[in-house]
Amino acid sequence: MFEKDDHTIADLIHDETFDMESEEIRKIGYQMVDLLVEYFQDMRTAAILPNKTLKEMSKLIYEPLPQNEQTADQVLDECKKKIMPEMIRIGHPRLLGWILSSGTPIGAFADGVASALNQNVSVSGAGMATAVELLVIDWIKEILGYDPCAAGLLVSGGSLANLTALTVARNVKANFNVRNSGMKQDRSDKNMILYVSEEVHVCVPKAANILGIGTDNIRYVNVDQNFCLDIKDLRKKIVEDQKNGLHPFCVVASAGTVNTGAVDPLESIADICKQYNLWFHVDAAYGGFAALSSRLKPLLCGIERADSIALDPHKWLFIPYEAGCVLVKNSSYMKQTFAVNAEYIHANTSLVSNEDVDFSDYGIQLSRNFRALKIWMSLKQYGVLKYGRLIDQNVNLVQYFSALIDESLDFEIVTKPGLSIVCFRYFPMNLQKMYEESSSVQKERISEYLNVLNRDVVNSMRIDGRTLLSSTILGKKFVLRACVVNYRTTKKDIEMILEILRELGNIADKKFRKMFL
Ligand SMILES: Cc1ncc(COP(=O)(O)O)c(C=O)c1O
C-alpha cells in the first residue's frame, strides 16, 4: 500500500488527537452547567414555542461543512446564542399538549455522564452498565407487580417497545418458523390476526406493518362510551375470524390511551387471551407508571398477566428522552426471537461467563447507550414514594381542571379525566343556549362552527406562547386535550390556562361567528 519504507510512514504520524486538556474540559463543563441552570431557571417564564419557522431556523444556523477547527468556547457560544433560544420548552408548566413530560435535572446530567463513559451496553462483558440496566428493569417489574423472572430491555421509546414485543408475539404464535421462512401471509398459511382497540396508538399498526402482519389483518375492536375496548366486540371478532379459517394471534390492550387516558379492561382481555390461546400485550407507554400511585394502581389490575408490556420511562417517570422499556414474561422467547451468533461479537474470552447478559440477544439494536443510568439516578434521587405523590398530583390537577371547566359556562367537558388527560371544548354560553333551541340542521351547523372555533384556539395558543394544549377528534368533535405529565405544573397554572383559553376563545368567536352562523 505504501511505497515509502516503514520509517517514513512512522514519520507521517503526528499523534494528532481530539483530546482536550483537563482544564479546557473543566472550563467548558462549568459553562455548560451555567447554560443548563439558566435554561431550567427560565422554564416558567419563557415562551413555550420559538417564534421562528423551520426555514428561518435552518437559515439561522446554515453554514458549509466546517473545514477548520474552532475552539470549544466558540462552538458552545454559538449553541447558546443560536440553538438554545429556539427550543420548544418541553417541561414548561403550562405545556399540556400530547404526552410531553418534564425531564428530571439529574437525568440530564446522567445523560452527560453516560455519554462521557461511552459504554456499549450490548456485548457480553459490558459489566457494570449491564448490571445497572438489569437492576432498573427489576425495579420496573417490581413497580408493576410483574413476574420477577421476566426479561426486559431499555429501548428508545414506546414505539420500539411495542415493535419489540410484537416481534416476539408474532414469532412465538406463528404456526411456522418465521425466522427461517419469513412471513407467509399470502401463501397457504392462515393469516395472523392482531386485535387492537379503535383508540390504539398509531405505533402499533405501524409495528404490524413493519412485521409483515399487514394492515388488512388488524381488527379494530369497538370502544365503549369511556373509550375502553369493548370485550363483547373483541370476542365476536375473534370467533368470526376463527370461523373464517384465520389465525387470531395477539390482542394489544392499552393501559392509558393517548387520546383520553382510557385503560382497557385488562383482566377480561387476559381471560379472553387465555381462552383463545392468544398473546396478551399491554401498551402501557403512557399509563404504566401510574402503578407508582397506590390510588391508581388498581386501575392496572391484570397487567401482571400480560405476556409482554411496553413502557415509557420518558413519560411518567419524567426521564429525559429517550427512554422506553419492553418486558416479556418468558425470557427465552426474547432470545429465540432475537439472538444471533457471530464470532466477531461473541468472543469467548475469560471476561465472559455463562451468566453474562448480552442485551443484543433481547432486541433489535447491537450498539446501545447507557440509558439505564438516568433512570437509576432519578429513581434513587426521588424514591418511589415521591414519584407516587407527583403522579397523584398530576391526576389531581387534571381533575381540578375538569371541575373548573365543568363550572364554567363557556366550556364543555367532552371526556371526563382518564388518568391525567381531559378533553373539552370552548362553547360560548349564548351558543349553548342557541344549540339547545335549534333544529337538527342548525345543530349540525353550530357543531361545525364549534370545530372551527376550537381549531382557531389551538392555532392562537401557538402564537400567544403562554400555554400550549394539543387537540384531537372524538366522534365528530374537534376537542382541546390537556395532559399533565409534568412535575412543574401547579394549581395556579391550571387556573391561568383556563383564563387564557377563555380569552383566546372569545377573540376567535368575535372573529368568526358572523362568517359562519
Ligand atoms: C399509548 C402510547 N403508546 C405508544 C406511544 C409511542 O411512544 P414513543 O413516542 O415513546 O415512541 C405513545 C406516545 O405518546 C403512547 O401514548
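This passage walks through the predicted model of a single chain, from its overall build to a handful of residues worth a look.

Start with the whole chain. The secondary structure comes to 17 helices and 12 strands. Laid along the principal axes, the C-alpha atoms fill a box of roughly 95 × 60 × 45 Å. The radius of gyration is 26 Å, which agrees with the value near 24 Å that a compact globule of 517 residues would have. Of those 517 residues, buried ones make up 41%. Contacts reach far along the sequence, too: among those with a separation of 6 or more, 75% join residues 24 or more positions apart.

The domain assignment splits the chain into three parts. Domain 1 covers 18-47 + 50-87, domain 2 covers 120-176 + 188-368, and domain 3 runs over 385-516. Between the C-alpha centres of domain 1 and domain 3 there is a distance of 36 Å.

Next comes the inside of the chain. In soluble globular proteins, nonpolar side chains tend to be buried together. Here the largest nonpolar core has 135 residues, and C250, V251, I309 and A482 are the ones with the most contacts inside it. Helix α14 (residues 372-407) supplies the largest share of this core, with 12 residues. Domain 2 and domain 3 both give residues to the core, so it lies between them.

V251 makes a good entry point to the details. Setting aside residues up to four places away in sequence, V251 touches Y195, L234, I269, I272, C273, L278 and F280. One of these partners, I269, sits in helix α11 (residues 266-276). The C-alpha atoms of I269 and V251 are 7.8 Å apart in space, with their positions 18 residues apart in sequence. I269 has 26 other C-beta atoms within 10 Å, and because 20 or more is enough to be called buried, I269 is buried. Beyond its neighbours within four places in sequence, I269 is in contact with L229, V251, A253, D264 and F280.

C250 turns up again in the surroundings of L166. This leucine is found in helix α7 (residues 158-173), and it counts as buried because it has 27 C-beta neighbours inside 10 Å. Apart from residues up to four places away in sequence, L166 touches A207, A208, L211, C250 and H281. K55, by contrast, is a long way off: the C-alpha atoms of L166 and K55 are separated by 38 Å, and the two are 111 residues apart along the chain.

The ligand has its own set of neighbours. It is surrounded by 14 residues, and the closest are G157, G158, S159, H201 and A285. By type, this shell divides into five nonpolar, seven polar and two charged residues.

A290 is another residue with plenty around it. It lies in the loop between β6 (279-284) and β7 (308-311), and with 27 C-beta neighbours inside 10 Å it counts as buried. Leaving out its neighbours within four places in sequence, A290 is in contact with G256, L296, L299, L300, W316, I391 and L419. Q365 sits elsewhere, with its C-alpha 28 Å from that of A290 and a gap of 75 residues in sequence.

That leaves the backbone oddities. Most residues other than glycine have a negative phi, and most peptide bonds are trans. L419, one of the contacts of A290, goes the other way, with a positive phi near 50°. L419 lies in the loop between β9 (411-418) and β10 (421-426) and is buried, with 27 other C-beta atoms within 10 Å. F227 also has a positive phi, of about 65°, although it is not a glycine. The place of F227 is in the loop between β4 (218-221) and α10 (231-243), and this residue is buried as well, with 21 other C-beta atoms within 10 Å. The peptide bond from Y321 to E322, finally, is cis, with omega near -5°. E322 belongs to the loop between α12 (313-316) and β8 (324-328).

Notes
Residues are numbered from 1 along each chain as its sequence is written. This is a predicted model: local features need pLDDT of at least 70, side-chain atom pairs count only at pLDDT 80 or more; totals for chains, interfaces and linings use all residues. Helices (H or I, at least four residues) and strands (E, at least two) are DSSP runs, numbered from the N terminus. A residue is buried if 20 or more other C-beta atoms lie within 10 Å of its own, exposed if 12 or fewer, and partly exposed in between; C-beta atoms are placed from the backbone. Two residues are in contact if their C-beta atoms, placed from the backbone, lie within 7 Å. The radius of gyration is taken over C-alpha atoms; the globule rule is 2.2 Å times the number of residues to the power 0.38. A nonpolar core is a set of buried Ala, Val, Leu, Ile, Met, Phe, Trp, Tyr and Cys residues joined through C-beta atoms within 7 Å. Domain bounds come from an automatic or database domain assignment. A residue is near a molecule or strand if its C-beta atom, placed from the backbone, lies within 6 Å of it. Ala, Val, Leu, Ile, Met, Phe, Trp, Tyr, Cys and Pro count as nonpolar, Asp, Glu, Lys and Arg as charged, and the others, Gly among them, as polar.
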